[in-house]
Amino acid sequence: MHRSDTSVQDVSPDVLKTALKTPSGHAEGVSNDEFRAAMSRLADGVVLVTAREPSLDPDDPAAPDGEDVGMTATSFVSVSLDPPLVLVGLRTGSRMDDLLEEQPLWAVSVLSENQRQIAGRFAMKGRISDRLLFEDLPCVRGEAGGALLVGGALATLECRTERRVPAGDHTLVIGRVLTASTPGADDGPLVYFRGRYRQLG
């Protein structure tokens, strides 16, 4: 009888030994540290992703207002010109990932070299509430989606989610750009390289 499958006995001992040593989810020979070190050599722009958490009960005037949420991100890229699409990577299960699963409208502020403190405060682990983090920041509320846009940013974009794609321990959120402006276009960019925020030059 013809057999199309391969039993354990058909696999050579060397191949089996290698397979058992290979960490789950990783290509052979690639460790977390090696992958992280290699990717840290890729310079990334730094953005602040924002969204408005809706009120728990919009029909009740006495219910607490929704809260503004922000998250520093370096995995942000342009995807398409026609239609205008962008992509941001969010850690699966993070507050922003959970919020954007329910809230389709969000915004991005491309941070300038003078806005390193903003990037740092919204990247902190165990940070205080986002309400306090936004308290002293010059922001305006976007007209298309209501998310906050940071004053002095190199560029701001308002987006609506088109698609969410699970990818390992992250979710790739593809958004259609509803508005785009360049209020601080003359400043230099904030860059993330080798685990640190940096300026060009």
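A polar contact is a pair of N or O atoms within 3.5 Å; within protein, one of the two must be able to donate a hydrogen and the other to accept it. The legends below use this term for a predicted model.

**Figure 1. Aspartate 68 and its two arginine partners.** Aspartate 68 is found in strand β3. The side chains of aspartate 68 and arginine 141 are joined by a polar contact of 2.9 Å. Another polar contact, of 3.0 Å, links the side chain of aspartate 68 to that of arginine 52. Aspartate 68 counts as buried because its relative accessibility is 11%, and the limit for buried is under 20%. Setting aside neighbours within four places in sequence, aspartate 68 is in contact with Ala51, Arg52, Asp130, Phe134, Arg141 and Leu148.

**Figure 2. Serine 109 in strand β6.** Strand β6 contains serine 109. With a relative accessibility of 0%, serine 109 counts as buried. The side chain of serine 109 reaches the backbone nitrogen of valine 150 at 3.0 Å. Residues up to four places away in sequence are not counted in the contacts of serine 109, which are Val46, Val47, Leu48, Leu148, Leu149, Val150, Ala153, Ala155 and Thr156.

**Figure 3. Threonine 161 and tryptophan 106.** Threonine 161 has its place in strand β9. Along the chain, threonine 161 and tryptophan 106 are 55 residues apart, while their C-alpha atoms are separated by 7.9 Å. The side chains of threonine 161 and tryptophan 106 form a polar contact of 2.9 Å. Threonine 161 has a relative accessibility of 19% and therefore counts as buried, the limit being under 20%. Beyond residues up to four places away in sequence, threonine 161 touches Pro104, Trp106, Val173, Ile174 and Gly175.

**Figure 4. The largest nonpolar core and a second, separate one.** In soluble globular proteins, nonpolar side chains tend to be buried together. The largest nonpolar core in this model has 19 residues, and those with the most contacts inside it are Val49, Val88, Met96 and Trp106. Two or more residues of this core come from each of the elements β2 (47-52), β3 (68-73), β5 (85-91), α3 (95-102), β6 (105-110), β9 (155-167) and β10 (170-181). A second core, separate from this one, has 13 residues, including Val46, Leu48, Phe122 and Tyr197. Valine 88 touches Val49, Ala73, Ser75, Phe76, Trp106, Thr171, Leu172 and Val173, with residues up to four places away in sequence left out.

**Figure 5. A sheet of three strands.** Strands of a sheet pair through backbone hydrogen bonds, either parallel or antiparallel. Here three strands form an open sheet in the order β1-β11-β12, and their pairing is antiparallel. The edge strands, β1 (44-45) and β12 (196-199), each pair on one side only. β1 and β11 (residues 190-193) run antiparallel and are joined by two bridges. In this pairing, aspartate 44 stands opposite tyrosine 192 in β11.

**Figure 6. The hairpin of β11 and β12.** Four bridges pair β11 with β12 in the antiparallel sense. Phenylalanine 193 stands opposite arginine 196 in β12. The two strands β11 and β12 form a hairpin with two residues between them. In the turn, arginine 194 has a positive phi of about 55 degrees.

**Figure 7. Cysteine 139 and cysteine 159.** A disulfide is a covalent bond between the sulfur atoms of two cysteines. The structure has zero disulfides. Are cysteine 139 and cysteine 159 buried or partly exposed? Cysteine 139 has a relative accessible area of 25%, so it is partly exposed. Cysteine 159 has a relative accessible area of 1%, so it is buried.

**Figure 8. The chain as a whole, for orientation.** The chain has five helices and 12 strands. Of its 201 residues, 34% are buried. Of the contacts between residues at least 6 apart in sequence, 63% join residues at least 24 apart. About 12,700 Å² of the chain is exposed, and carbon and sulfur atoms supply 53% of that area.

Note on methods
Residues are numbered from 1 along each chain as its sequence is written. This is a predicted model: local features need pLDDT of at least 70, side-chain atom pairs count only at pLDDT 80 or more; totals for chains, interfaces and linings use all residues. Side-chain values use heavy atoms; hydrogens and water are left out. A disulfide is a pair of cysteine sulfur atoms within 2.5 Å. Buried means under 20% relative accessible area, exposed over 50%, partly exposed in between (1.4 Å probe, protein chains only). Two strands pair if DSSP finds at least two bridges between them. A nonpolar core is a set of buried Ala, Val, Leu, Ile, Met, Phe, Trp, Tyr and Cys residues joined through side-chain atoms within 4.5 Å. Contact means heavy atoms within 4.5 Å. Accessible areas come from the Shrake-Rupley method with a 1.4 Å probe; for residues, only the protein chains shown count as cover.
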